[in-house]
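Hello,

Here is the structure we talked about handing over. Please open it first, then read the notes below.

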Amino acid sequence: MIKFLTACAHVEEMAAQIYRTMRQKAVAENQADLDKLWGEMAADEEAHAQQLRFAARLSRERVFDLVEPSQAAHPAALLKRTELMLDYVRSKKLSELEMLHIADELERDFQKIHTSYTLQFQDPSMKKTFEALAKADDQHVASLQEVIRRFPKRLATK
Ligand SMILES: [Fe+2]
């Protein structure tokens, strides 16, 4: 259980690093709105990681009934994926729109996986934790979509 939650926390930290990398690119190119978006998203992911680490500490004293997630939805698989994504974002010269789409896809996957975790716990506090994470993923998708929607206009007014 501790391993599960710690891996989940690690995934959130990876996501924070991905968004911080994207933010550096936005800062370098003087994109104030993207600087703000990535900064907020990175801070949210860091907060999620802290919540999960806290839950992991609490779980030492309690026994949870977790159904093992499927291989693809396992936090270890998700961690591998986010690590590869961080490498990719660091090494490639991506356009702003490409980065927005990468983040959008990542958050949609997180949302699905966090929602699937809520069903795997019987414990109400654990269910709540993952419900809140899934909701935060939804909010990130909404923010990204909003920026993507405005994107052509934003370029035109540059
Ligand atoms: Fe998150």
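In which helix is the place of Glu98? Glu98 sits in α4, which covers residues 96-120. The model is a predicted one, so please read everything here in that light. Glu98 has 12 other C-beta atoms within 10 Å, so this residue is exposed. Its C-alpha atom is separated by 10.0 Å from that of Ile148. Along the chain, Glu98 and Ile148 are 50 residues apart.

Overall layout

The protein chain has 5 helices and 0 strands. Read from the N terminus, the order of elements is α-α-α-α-α. There are 158 residues in the protein chain, and 28% of them count as buried. Take the contacts with a separation of 6 or more: 76% of them join residues 24 or more positions apart.

The core

The largest nonpolar core holds 32 residues. Ala15 and Tyr19 touch the most other members. Two or more residues come from each of α1, α2, α3 (75-91), α4 and α5 (124-156). The most come from α1, which gives 11 residues. As general background, nonpolar side chains tend to be buried together in soluble globular proteins.

Tyr19 deserves a click. Set aside its neighbours within four places in sequence, and Tyr19 is in contact with Trp38, Met41, Ala42 and Glu45. Among these partners, Trp38, Met41 and Glu45 are buried residues of α2.

Helix α2

What span should the 28 residues of α2 have, at 1.5 Å a residue? The expected figure is 40 Å for residues 32-59. The end C-alpha atoms of α2 are 41 Å apart, which agrees. The buried residues of α2 are Leu34, Leu37, Trp38, Met41, Asp44, Glu45, His48, Ala49, Leu52, Ala55 and Ser59. That list includes Asp44, Glu45 and His48, so check those side chains by eye.

Helix packing

Two packed helices are described by the angle between their axes and the distance between the axes. Two pairs are worth a look.

- α1 with α3: the axes come within 9 Å and cross at roughly 15 degrees. An angle under 35 degrees counts as roughly parallel, so α1 is roughly parallel to α3. Their crossing is left-handed.
- α1 with α2: the axes are 8 Å apart, at an angle of about 165 degrees. Angles over 145 degrees count as roughly antiparallel, and α1 and α2 are therefore roughly antiparallel to each other. This crossing, too, is left-handed.

Which residues of α1 meet α3? They include Phe4, Val11, Met14, Ala15, Ile18 and Met22. On the α3 side, the residues met include Leu78, Leu79, Thr82, Met85, Leu86 and Val89.

Lys80 also lies in α3. Is Lys80 exposed, partly exposed or buried? Lys80 has 13 C-beta neighbours inside 10 Å, so this residue counts as partly exposed. The C-alpha atoms of Lys80 and Met14 are separated by 9.8 Å. Lys80 and Met14 are 66 residues apart along the chain.

A backbone detail

Asn30 is found in the loop between α1 (2-28) and α2. Its phi is near 60 degrees, a positive value in a residue other than glycine. Most residues other than glycine have a negative phi. Asn30 has 8 C-beta neighbours inside 10 Å and so counts as exposed.

Best regards

Methods. Residues are numbered from 1 along each chain as its sequence is written. This is a predicted model: local features need pLDDT of at least 70, side-chain atom pairs count only at pLDDT 80 or more; totals for chains, interfaces and linings use all residues. Helices (H or I, at least four residues) and strands (E, at least two) are DSSP runs, numbered from the N terminus. The expected span of a helix is 1.5 Å times one less than its number of residues. A residue is buried if 20 or more other C-beta atoms lie within 10 Å of its own, exposed if 12 or fewer, and partly exposed in between; C-beta atoms are placed from the backbone. Two residues are in contact if their C-beta atoms, placed from the backbone, lie within 7 Å. A nonpolar core is a set of buried Ala, Val, Leu, Ile, Met, Phe, Trp, Tyr and Cys residues joined through C-beta atoms within 7 Å. Axes are lines fitted to C-alpha atoms, for helices over the stretch in contact, and angles run from 0 to 180 degrees between N-to-C directions. Angles under 35 degrees count as roughly parallel, over 145 as roughly antiparallel, 65 to 115 as roughly perpendicular and the rest as oblique. A crossing is left-handed if the near helix is turned anticlockwise from the far one by less than a right angle, and right-handed if clockwise.
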